[in-house]
Amino acid sequence: MIKYCITKRAIGFTFIIVAVFVFNTGYAQTAASSVRFKKHILTADFVSEDVAVGDVNRDGKLDILAGTCWFEAPDWKRHEIIPAKILNPGKEYSTSFLDYSMDVNQDGWTDLVVIGFPGTEALWYENPKGKDGYWKKHAVMKGMGIGNESPNYVDVNGDGRIDILCADVNAKQMVWLSPPVKKGDTTWTRYPISAANIPGTDRFSHGLGFDDINKDGRNDVIVKSGWWEAPADRKQPDWTFHPADFGDDCSEIYVMDVNGDGLNDVISASAHKYGIWWHEQIKDAQGNISWAQHEINKAFSETHGVAFTDMNGDGYPDLITGKRYFAHNDTNVDPGSHELAVLYWFEFTPGKQPYWIAHQIDDDSGVGLHLVVQDMNKDKKKDIVVANKKGVFYFERY
């Protein structure tokens, strides 16, 4: 259990956070972040619950794509991908829940893949190659409803092409969808991971990850009730399932040996309530595995989008997350739904008593269902890009 207090000093769009953590043992750690950001508001309009980045116009600069629009670097001029309806954040949901940019048909131009409201078809929009007009719409897998609220864009079979890891709502199966492999082809291929009618594969199921739990060199598929062990041939159906309890409904799930005992642990964050946790893997003398949950933070709720990457260059991955503002619209369904839309990064410090130091980046943006952490301007520093009911934001590291 961690107790903490946070103070903030703001200078323009730069936020310097001092976080003090006090453990039950009485040990305390204080740190001030040297990781600083400049906030760019691309739009305050609600156009998407997620965001992607890619070089849309092939000018060598990374642009930002958010569902119905793309924003041209470096001045972030707004262009429409499809007719862009401005949504009411208190009453409406977006048809763009998760975005990813990739060259689907391999014509040399960046396209946009969009997973919409849970249970609907995934779509991809074809880049018009610099021509005016809206982008052509294609179904990824016609008639298939995409389930689980945290589908992953990951390379399942290691071929260098990003796949979609998700639930098939119609069959109630965990599946992965492979993009076209031949130039000019637009056909995606569906590969089942689980049997049909599996719990946790509904349209509104929460919690999904893709990482190596058993250290066999192959990334496994993780949900809150357990994990599917990846076979040597990822196209093989019916992966072996290992039941486990990874807690409450969560968002993206990640894996790391948190306490350095040689066993990989699981990290998750509450999608609609309070709580960010790590789940310690414990193995007894007979090889039986159990999991013990440890709290990382509960200062804010609705951590529906989480990134996991090294922010400060110390070699350890950190957590980047925040509040998904009005996740269930302007209601009190979620606790803390009307609190500030904060954005944080949590600095990991290893040891026998590992801990995370909280650094607040902003208090009027938050996250959507996913966020991008990437070097946007080639200065070798990782920036953060988010889109949600507050708008579209680029946090430039300096």
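**Cavity, pocket, sheets and cysteines**

Let me start with the inside. Strand E13, residues 146-154, is the main contributor to the lining of the largest cavity, giving four residues. Keep in mind that this is a predicted model.

How many cavities of 30 Å³ or more does the structure hold? One. The space in the largest cavity comes to about 30 Å³. Now the walls. Phe97, Leu98, Ile115, Gly116 and Pro118 line the largest cavity, along with Ile146, Asn148, Glu149 and Pro151. By type, that lining splits into six nonpolar residues, two polar and one charged. A general word on how such spaces are found: a probe the size of a water molecule is rolled over the atoms, and this shows where empty space remains.

Next, the largest pocket. Its volume is about 660 Å³. The lining has 31 residues, and those closest to the centre are Tyr153, Val154, Tyr254, His370 and Leu371. Which strand gives the most to this lining? E13 again, with five residues. So look at E13 in both places: it leads the lining of the largest cavity and the lining of the largest pocket. Other strands join in at the pocket. At least two lining residues each come from strand E5 (52-54), E9, E13, E17, E21, strand E25 (306-309) and strand E29 (372-374). The chemistry of the pocket lining is 19 nonpolar residues, nine polar and three charged.

Three of those strands take us to the sheets. A quick reminder: strands in a sheet pair through backbone hydrogen bonds, either parallel or antiparallel.

Take the sheet with E17 and E21. Eight strands make up this open sheet, and the order reads E20-E19-E18-E17-E21-E22-E23-E24, with mixed pairing. Which strands sit at the edges? Strand E20 (240-243) and strand E24 (289-301), each pairing on one side only. From one strand to the next, the twist averages 20°. Inside this sheet, E17 (residues 208-211) and E21 (residues 252-256) run parallel, joined by two bridges. One pair to find on screen: Leu208 has Glu252 in E21 as its bridge partner.

Now the sheet with E9. This open sheet has four strands in the order E9-E10-E11-E12, and the pairing is antiparallel. Strand E9 (98-102) and strand E12 (136-139) are the edges; each has a single partner strand, so one side of each lacks a neighbour in the sheet. Here the twist averages 25° from one strand to the next. Strand E11 (residues 122-126) runs antiparallel to E12, and four bridges join them. Opposite Leu123 you will find Ala139 in E12.

Last topic: cysteines. In general, a disulfide is a covalent bond between the sulfur atoms of two cysteines. How many disulfides does the structure hold? Zero. Why does Cys250 have no bond to Cys166? The closest cysteine sulfur to that of Cys250 is in Cys166, 16 Å away, and that is too far for a bond. Is Cys250 buried or exposed? Its relative accessibility is 0%, so Cys250 counts as buried. Cys69 is at 0% relative accessibility, so Cys69 counts as buried too.

To recap. The largest pocket holds about 660 Å³, while the largest cavity holds about 30 Å³. E13 gives the most to the lining of the pocket and of the cavity. And there are zero disulfides.

Key: Residues numbered from 1 in each chain as written. Predicted model: local features only at pLDDT ≥ 70, side-chain atom pairs only at ≥ 80, totals over all residues. Heavy atoms only, no water. Pairing = 2+ DSSP bridges. Axes fitted to C-alpha atoms, helices over the stretch in contact; angles between N-to-C directions. 1 Å grid on protein atoms, 1.4 Å probe; cavity = no way out; pocket = protein on both sides within 12 Å on 5 of 7 lines; lining within 4 Å. Points joined across faces, edges and corners; volume = space filled by probe spheres on them. Nonpolar A, V, L, I, M, F, W, Y, C, P; charged D, E, K, R; others polar. Disulfide = S-S within 2.5 Å. Buried < 20%, exposed > 50% of the residue type's maximum accessible area, 1.4 Å probe, protein only.
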